Every structure is written in C-alpha cells, then in structure tokens.
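Welcome! Please take a moment with the sequence and the model below, and then we can walk through some of the details together.

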Amino acid sequence: MNTDVIIIGAGAAGLMAACCAGEAGLNGLLLERRHRPGLKLLLCGNNRCNLSHDGTASSLKQDYGEPVGSFLEMALQECPPAVLRKWFSSCGLETTVLKERIYPCSGKADDVLHCFTDRLRDLEVPLMLNSPVQKISAVAGGGYEITCAKVRLQSRFVLVTTGGISYPKTGSVGDGQRMAGELGLRLEPYRAGLAGIEVSNAWLQIRSGREEAGIPSVRIRLSSQGQEIASTTGNLLASGNCLRGSAIFDATRILGRRNISDFSLVLDLFPELTVQSLAQRLQVAWRKTGQVAATLNALGLEHVFAAGLSQDLQTEFAAGDFAAVSAALKAMPLENAVIRPLKEAIVTIGGVALDEIDPQSMESRKFPGLFFAGEVLDID
C-alpha cells in the first residue's frame, strides 16, 4: 500500500477532503484529471465562489428537501456553515454574507482556490494533475488499486469526489459515476438542476444590444398534468430566448428532482401585490402617463420588458380594464418552455444512489473503505 487514502477529483469536495486528511495526519494523495485543480470552483457564484448558504444544520436540511436533506443531516450537523466559515478563517480566508450566501470577503473565487492549495502545500499533501482515473479495483486482503494511464497506485481507503457531469470542460465528465457503476453500485439517472429555460414569449426575447435584462422579484407556478405542484420566488434574468435567475433555477431543480418532463410554467410579475392592489396602481400610473409601456415602466418593469408587453396589453389598457391587465400580469404563461441541456446546468441531479452509501460516514455499503462525497452522489 502506497498511502492511507487516495482522493479522486480536485474540485471543491476533493480539495476540502484532502485538507482535512492532512490535518488528521493521514498520508494522502489527491488526483485530478485536468491540468489544474478547482476549475469549476472558479466559476462558482459568477467567479465570486458562493461557499455555502448562511443557515443552521436544520434549516439547510429543510432547504435541501427530501431525500437529500435526511441523507445529509449528519454531515450538516458535523460541519454547518458556521464551522465551515471558522475553518476558512483559520486558513486565512475571511468570509462575508450577502443575501444569505457566504462569499470570500474579496469576492474572488481565485482566493478560495489559493486558500485550498496553500493549505495543501503547508500540510505537504501531494496533488497529482493530468491523471484521469480509469478504474478502481478491490485488492485481495483489503484496500484498492487505482489505475491511471501512466501509473497504478494502491491505498487502504479511496474517496471519490469527481463531481457531477455539467460543464465537462472543467473535468466533470462522469468518471466517478462510471467507475461506481462498474463496481456494481446503483446509479440514479442524470437530470439538469439549476438550469436555464428557453421560452418563446416575444416580450421576453432580449435581442437588442444588451446582453441581459432582469426583474428583481417574480413568482413562478409549476404545474404538471393540470395540477399545480409547486411555486418558486426570486429574480428572473432574460438573455436571448433563455431565462435564468433564482426563480427559474429553483423551478428546474424541482422538476429535475421529481423527474417531471411534462410541465407548464406561469409567471407572476408582481408577487407582492394582489390583483386588486395592482389594478389600482396601474390605473393611477395610466392617468399620469397615458402610455402602456410608460405605465408598466412606472411600476418597476425594465423598459425592454414594458415595451414588449405593451403590444399584448394595448386593448385592455385602451378599454380601461385594469382588472384584466392586472390578472394578466400576475398569470403570464411561459410558452414552449424547454430546460437547457444538462452540460450547461449549474448542478447535476442524479449519480450514485444515496441508498448505496452510509450517511454516517459516506462509505459504500458494499465496498468497505470506498467513500463518496459531493456531487458524484445523487446530491444537488
């Protein structure tokens, strides 16, 4: 046996695990298929690296939802966000909270990656790059052999942290899931989580010189087979014919987690207002402006959206039917909605099935000494 533990995949989970292994005094090795570690980490949070969500273990369990929340309960109790922030601080990286999200104070994902790699250097934990793992094999008498193109290694323990399969150029190509399947572990099918949605509504098509336009607060109601199944709130961002933003991303996560492909979406542009109160505000603004686009703009819609909607609502405004306008603005169908491809998704739903893993330790139930962590599991 060459070493105590081999960690496969130098993304967020693998880097964290390698640091903790070094701190625990284990002789470990971190393997990465690409030429540098943490490539997807650098993209996280628009290059600012959203480290975690500011909450308690119990609130995070609720936010994850089932079955993920219960599976992660022990892990969340062992390392809630407060403990994570304390660990980063001890390594020289101070963090801050913005809208319940935890970021490095510098706002730079590079600083998070440097924090990890500096810690690995100080702990003398070796990092081997350009080393895609081809196979994990059990060794007679215990332990595992790791086969790469140029080298074979053996270890008492192996931890697989190869991530999901979105953004494959960062190295997330499904190696861990493939090897788990070859060993006989059950895999859940892949679905896109936190992905954009294409729509055909003309007023949402942003094709001017602008790259993007947004609405700070909307509600989206999700239905399937004629029944409303959930709703999400948050912001909405439009670019081309694609919608993103937290309300859209949360909607795709619900659809992906429930494996729903037949769905419809209805958009409420003014979730904080009732139909009646919105109608009153529309009437007041109309009296001042006398123009549909200017009225909608006065209520907070960006001009690019207001101008597009003005064509659809001209008749109702001209008739003074503000109740009908209000009802339309609070229930606008998103037409021909299609979720963007999995390779573009922020996270992957699917992977190694949770019932294959002991949540107390993240160890395989079938293969003692083989562990999994992060998005290689059916965790999003």
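Which residues line the second largest pocket? Keep that question in mind while you turn the model around; please also remember that this is a predicted model.

## The second largest pocket

The lining of the second largest pocket is made up of Ile215, Pro216, Ser217, Leu269, Phe270, Glu272, Leu273, Leu299, Gly300 and Leu301. By type, these lining residues divide into seven nonpolar, two polar and one charged. The space inside the second largest pocket comes to about 150 Å³.

## Salt bridges across the chain

How many salt bridges does the count come to? The count is 20 salt bridges, and a few of them are worth a visit.

Start with aspartate 355 and arginine 186, whose side chains meet in a salt bridge at 2.8 Å, N to O. Aspartate 355 sits in the loop between strand 18 (347–352) and strand 19 (357–358), while arginine 186 sits in the loop between helix 7 (175–183) and strand 10 (187–193). The two are 169 residues apart, so to speak of distant parts of the chain being linked is fair. Aspartate 355 is partly exposed, with a relative accessible area of 48%, and arginine 186 also counts as partly exposed, at 37%.

Next come aspartate 268 and arginine 219, which form a salt bridge at 3.6 Å, N to O. Aspartate 268 belongs to strand 15 (residues 264–268) and arginine 219 to strand 12 (residues 213–224), so this pair ties together parts that are 49 residues apart in sequence. Is aspartate 268 buried or exposed? Aspartate 268 is buried, because its relative accessible area is 2%, whereas arginine 219 is partly exposed at 27%.

A third pair joins arginine 253 and aspartate 380, with their closest N and O atoms 2.5 Å apart. Here arginine 253 lies in helix 8 (residues 246–257) and aspartate 380 in the segment after strand 21 (370–372), 127 residues apart. Both arginine 253 and aspartate 380 are buried. Elsewhere, salt bridges with shared partners connect Arg33, Asp175, Arg178 and Glu182 into one network.

## Looking for disulfides

A disulfide is a covalent bond between the sulfur atoms of two cysteines. Searching the whole structure turns up zero disulfides. Why is cysteine 79 without such a bond? The closest cysteine sulfur, in cysteine 20, is 7.4 Å from the sulfur of cysteine 79, which is too far for a bond; the cut-off for a disulfide is within 2.5 Å.

Cysteine 242 is in no disulfide either, and the nearest cysteine sulfur, that of cysteine 44, is 19 Å away. As for their surroundings, cysteine 79 counts as partly exposed because its relative accessibility is 35%, and cysteine 242 counts as buried because its value is 6%.

## A sheet of three strands

Finally, have a look at an open sheet of three strands, arranged in the order 3-5-4 with antiparallel pairing. Which strands are at the edges? They are strand 3 (52–53) and strand 4 (95–98), and each of them pairs on one side only.

Strand 4 and strand 5 (residues 101–104) pair in the antiparallel sense over four bridges. To find one of the contacts in the model, look for leucine 98, whose bridge partner in strand 5 is arginine 101.

Technical notes
Residues numbered from 1 in each chain as written. Predicted model: local features only at pLDDT ≥ 70, side-chain atom pairs only at ≥ 80, totals over all residues. Heavy atoms only, no water. Buried < 20%, exposed > 50% of the residue type's maximum accessible area, 1.4 Å probe, protein only. Salt bridge = Lys/Arg side-chain N within 4 Å of Asp/Glu carboxyl O. 1 Å grid on protein atoms, 1.4 Å probe; cavity = no way out; pocket = protein on both sides within 12 Å on 5 of 7 lines; lining within 4 Å. Points joined across faces, edges and corners; volume = space filled by probe spheres on them. Nonpolar A, V, L, I, M, F, W, Y, C, P; charged D, E, K, R; others polar. Pairing = 2+ DSSP bridges.
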